[in-house]
Amino acid sequence: YDIFPTMMKLANIPLPTDRIIDGRDMSAILMDPTAKTQHDCIYIYKGTPDGASKPGLWAVRCGPYKAHWATDNHKNTTVVFHNPPLLYHLERDPSETCAIDVKSEEFITAMAAINAAKEAHEKSVKSVPNQIGMGENAEYKLCCDPNSKSKYPKYQACTCNPENWEAWTCGNPVF
C-alpha cells in the first residue's frame with residue numbers, strides 16, 4: 001500500500017532504509033489532478049498463500065484490465081478459483097459483472113501482459129513471516145494490558161484507560 005510512503009513524504013520525513021518499503025509516494029496525485037499513478041499494475045492480495053482458504057495473490061490490475069484468479073463475496077466466504085482467470089475491462093464494466101470471453105483476442109492480449117507482470121512481481125516478492133498469523137501469540141498482540149478484563153470487567157478487553165470510556169462527548173454516551 002502506498003499510504004505509508006505518501007504520508008511520510010507529506011510530513012517531510014525520510015523513509016526508513018533498514019527495510020523494504022514496497023509502497024510508493026503518491027502525493028503527486030493528491031496535489032495535481034493531471035498526475036498519473038506510478039504503478040503500471042496493482043496486485044491485490046487477500047490473506048497469505050496457504051492453499052484453499054487464502055491463495056495470497058487474488059487479482060492483478062494493469063491499466064483498464066483486472067484479472068481474478070480467486071474470488072469470494074460477502075455472502076459466501078468460500079474461495080472460488082478461476083482457471084482461466086476472470087478478466088474485466090474496468091472502464092467499460094466498473095462493477096465487474098461481465099467477464100471478457102476467454103476466446104477473444106482482447107482476453108488473449110490483455111492476459112499476456114497481465115501474466116508477464118504477475119510473473120515478474122511474484123519473482124520480486126520476498127517471503128516474510130505471516131504477521132497476521134502471529135496474532136494468536138500474546139507476545140505480538142497490540143494490547144497494553146491483556147489482563148484488563150479482570151481489572152475492568154465493565155469494559156472491553158485490552159482497555160488501557162478506563163476513564164476514557166466515561167469521557168463526555170457531544171451526546172449521551174452509548175455503552
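The legends below accompany close-up views of a predicted model.

**View 1. The whole chain, with its 4 helices and 4 strands.**
Let's begin with the overall layout before moving in. Read from the N terminus, the order of elements is α-α-β-β-β-β-α-α. The chain has 175 residues, and 25% of them count as buried. Its accessible surface is about 13200 Å², with 57% of that belonging to carbon and sulfur atoms. Taking contacts between residues at least 6 apart in sequence, 23% join residues at least 24 apart.

**View 2. The open sheet, with its strands in the order 1-2-3-4.**
Here 4 strands come together with antiparallel pairing. Which strands sit at the edges? They are strand 1 (41-46) and strand 4 (80-89), each of which pairs on one side only. On average, neighbouring strands of the sheet are turned by 20° against each other, with direction ignored. As a reminder, strands of a sheet pair through backbone hydrogen bonds, in either a parallel or an antiparallel way.

**View 3. Strand 2 and its two pairings, with strand 1 and with strand 3.**
Strand 2 spans residues 56-62, and 6 of its 7 residues are buried, leaving the strand mostly covered. Its antiparallel pairing with strand 1 runs over 6 bridges. To find your bearings here, look for Tyr-45, which stands opposite Leu-57 of strand 2. With strand 3, the antiparallel pairing of strand 2 runs over 4 bridges. A handy landmark for that pairing is Val-60, whose bridge partner in strand 3 is Ala-67.

**View 4. The hairpin of strand 2 and strand 3, with Gly-63 at a positive phi.**
How many residues lie between the strands of this hairpin? There are 2 residues between strand 2 and strand 3. In this hairpin Gly-63 takes a phi near 60°. Strand 3, which the hairpin leads into, covers residues 65-71.

**View 5. Strand 4, its pairing with strand 3 and a cis peptide bond.**
Strand 3 and strand 4 pair in the antiparallel sense over 6 bridges. One of the residue pairs to look for is Thr-71 with its bridge partner Val-80 in strand 4. Strand 4 also holds Pro-84. The peptide bond that joins Asn-83 to Pro-84 is cis, and its omega is near 10°.

**View 6. Helix 3 lying across the four strands of the sheet.**
Helix 3 is made of residues 105-124 and lies across strand 1, strand 2, strand 3 and strand 4. Against strand 3, the helix runs at about 70°. Lys-118 is part of this helix and deserves a second look. Is its side of the story buried or exposed? Lys-118 counts as buried because its relative accessible area is 16%, under the 20% cut-off. Leaving aside residues up to four places away in sequence, Lys-118 touches Tyr-43, Leu-57, Val-60 and Trp-69. Two of these names are familiar from the strand 2 view: Leu-57 stands opposite Tyr-45, and Val-60 is bridged to Ala-67.

**View 7. A nonpolar surface patch of about 830 Å².**
The patch is made by Tyr-1, Ile-3, Met-7, Leu-10, Ile-29, Leu-30 and Met-31. Which helices supply at least two residues each? Helix 1 (3-10) and helix 2 (27-31) both do so. Met-31 is found in helix 2 and has a relative accessible area of 59%, so it counts as exposed.

**View 8. Two loop residues with positive phi, Asn-12 and Glu-96.**
Neither residue is a glycine, so both merit a close-up of their own. Asn-12 has a phi of about 60° and lies in the loop between helix 1 and helix 2. With a relative accessible area of 71%, Asn-12 is exposed. For Glu-96, phi is about 55°, and its place is the loop between strand 4 and helix 3. Why does Glu-96 count as partly exposed? Glu-96 does so because its relative accessibility is 22%, which falls between the 20% limit for buried and the 50% limit for exposed.

How values were computed: Residues are numbered from 1 along each chain as its sequence is written. This is a predicted model: local features need pLDDT of at least 70, side-chain atom pairs count only at pLDDT 80 or more; totals for chains, interfaces and linings use all residues. Side-chain values use heavy atoms; hydrogens and water are left out. Patches are made of residues with over 30% relative accessible area and no salt bridge: like charges are joined within 9 Å, nonpolar side chains (Val, Leu, Ile, Met, Phe, Trp, Tyr) within 5 Å. Accessible areas come from the Shrake-Rupley method with a 1.4 Å probe; for residues, only the protein chains shown count as cover. A salt bridge is a side-chain nitrogen of Lys or Arg within 4 Å of a carboxyl oxygen of Asp or Glu. Buried means under 20% relative accessible area, exposed over 50%, partly exposed in between (1.4 Å probe, protein chains only). Two strands pair if DSSP finds at least two bridges between them. Axes are lines fitted to C-alpha atoms, for helices over the stretch in contact, and angles run from 0 to 180 degrees between N-to-C directions. Contact means heavy atoms within 4.5 Å.
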